[in-house]
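Reader: Hello! I would like a close look at a single part of this protein, with its surroundings explained in plain terms.

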Amino acid sequence: MNKIKLFGIPFDFGQDNYGVRFAYSYLKAQGLADILSEISPVDPVKTLQMPFKQKADAGALIKNKKFCSEINHGISDAVAGLDLRTSFLLNVGGDHGLGLGTVHGLLRQNPETVVVWADAHGDINTPESSLSKNFHGMPLSFLLGIARDKDFGWLTHKLLPKNLIFFGPRDLDPEEERIIEDLQIQYFSSKEINLFGTQELMEMALHRADPFGTKPIHLSLDVDLFDRRDIKATGTIVAEGPRLEEIFLLGGLLAETGRLRSMDLVEFNPLIGSREEVEASGEVILTFLRTTLKQLFSYPPQSAPYVPMYLSLEDVI
């Protein structure tokens, strides 16, 4: 890879807070492009224009459904149309509802893409099981083909359960737990991460999802993954997150595979918290991006299958 494609997606229709649409502009003002350009040339992708939210329809199964579908369709088309053969794609949102469009666009390029969904929540509710009816809690159910709605008829590719890895959830609804168990999706809670460590769990997970080390990896990172001591500027804080060093290790491990090709950064809200809390949250995010991408672009691409350190060659064969 020799370039970073930077895609700002100020999508905020998946939840009730307004400020997430300003995350991209805030991070740019804090030096995001300069930080990235120190690592590799930056190629900005045209930012999608977003209409302003209106009050959601009362009683709707999916709040703002029309916009959630139409805008994600546009995101999918934009991502699918990018030449990513020698570029890393960084999508900066916005809320996690945009993950439907980004992941779907990547699946259109390679249906075997491995998705690491790093989040305090499952985001795998169906419209019927969702208590909030907020779309940012549903994108994975649509990507997996569990949820269906005629307004989302443009979805042509499905994410395979074997290619999905949950990292850090600690607030799941009962139906989400059932779906994860039924589909046998790999799942590592924040408690397990802090107990066993990111390295052991992720090496095992990547080997299961991709034993021959040939699939591209997409990291979809919701900043509510972080413990509330580390990031306060988000509308979906959940206590007892992974330790900061374990989350940074996640970025490093994925970078070292040589197959991390894209990333979502979502749910940062610069309108939540004091000025000091917002600045501190932004600094954690920028530091994570800097360290992960610096490692990614300095690490030579894998020329042989990725073999976890604790596995022997015989285990792989």
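Which residues point one way from β3, which point the other way, and are they buried or exposed?

Author: Happy to walk you through it. This is a predicted model, in which local features need pLDDT of at least 70 and side-chain atom pairs count only at pLDDT 80 or more, while totals for chains, interfaces and linings use all residues. Residues are numbered from 1 along each chain as its sequence is written, and side-chain values use heavy atoms, with hydrogens and water left out.

To your strand, then. S87, L89, N91 and G93 point one way from β3, while F88, L90 and V92 point the other way, and all are buried. Buried here means under 20% relative accessible area, with exposed being over 50% and partly exposed in between (1.4 Å probe, protein chains only). Put as a count, 7 of the 7 residues of β3 are buried. Strands are DSSP runs of E with at least two residues, and helices are runs of H or I with at least four, both numbered from the N terminus.

Take F88, which belongs to β3 (residues 87-93). F88 has a relative accessible area of 0%, so it counts as buried. Leaving aside residues up to four places away in sequence, F88 touches M1, K3, I4, K5, L260, R261, S262, M263, L293, L296 and F297; a contact means heavy atoms within 4.5 Å. F88 and L6 are 82 residues apart along the chain, and their C-alpha atoms are separated by 8.5 Å.

Now for the strands beside β3. Two strands pair if DSSP finds at least two bridges between them. Strand β1 (residues 3-9) runs parallel to β3 and is joined to it by 7 bridges, with V92 of β3 as the bridge partner of G8. Strand β8 (residues 260-266) also pairs with β3 in the parallel sense, over 4 bridges, and here L90 stands opposite M263 of β8.

These pairings belong to an open sheet of 8 strands in the order β2-β1-β3-β8-β7-β4-β5-β6, with parallel pairing. Its edge strands, β2 (42-45) and β6 (186-188), each pair on one side only. From one strand to the next, the twist averages 15 degrees. Elsewhere in the sheet, β4 (residues 114-118) and β7 (residues 217-222) run parallel and share 5 bridges; A118 has L221 of β7 as its bridge partner.

One of the residues that F88 touches, L296, leads us on to a helix pair. Helix α9 (residues 244-256) and helix α10 (residues 275-298) have axes that come within 8 Å and cross at roughly 30 degrees. That makes α9 roughly parallel to α10, a term for angles under 35 degrees (over 145 is roughly antiparallel, 65 to 115 roughly perpendicular, and the rest oblique). Axes are lines fitted to C-alpha atoms, for helices over the stretch in contact, and angles run from 0 to 180 degrees between N-to-C directions. The contact is made by L244, I247, F248, G251, G252, A255 and E256 of α9 together with V284, T287, F288, T291, T292, Q295 and L296 of α10.

Helix α9 also packs with helix α8 (residues 198-209), at an angle of about 40 degrees and with their axes 9 Å apart. There, T198, Q199, M202, E203 and L206 in α8 meet E246, L249, L250, L253 and L254 in α9.
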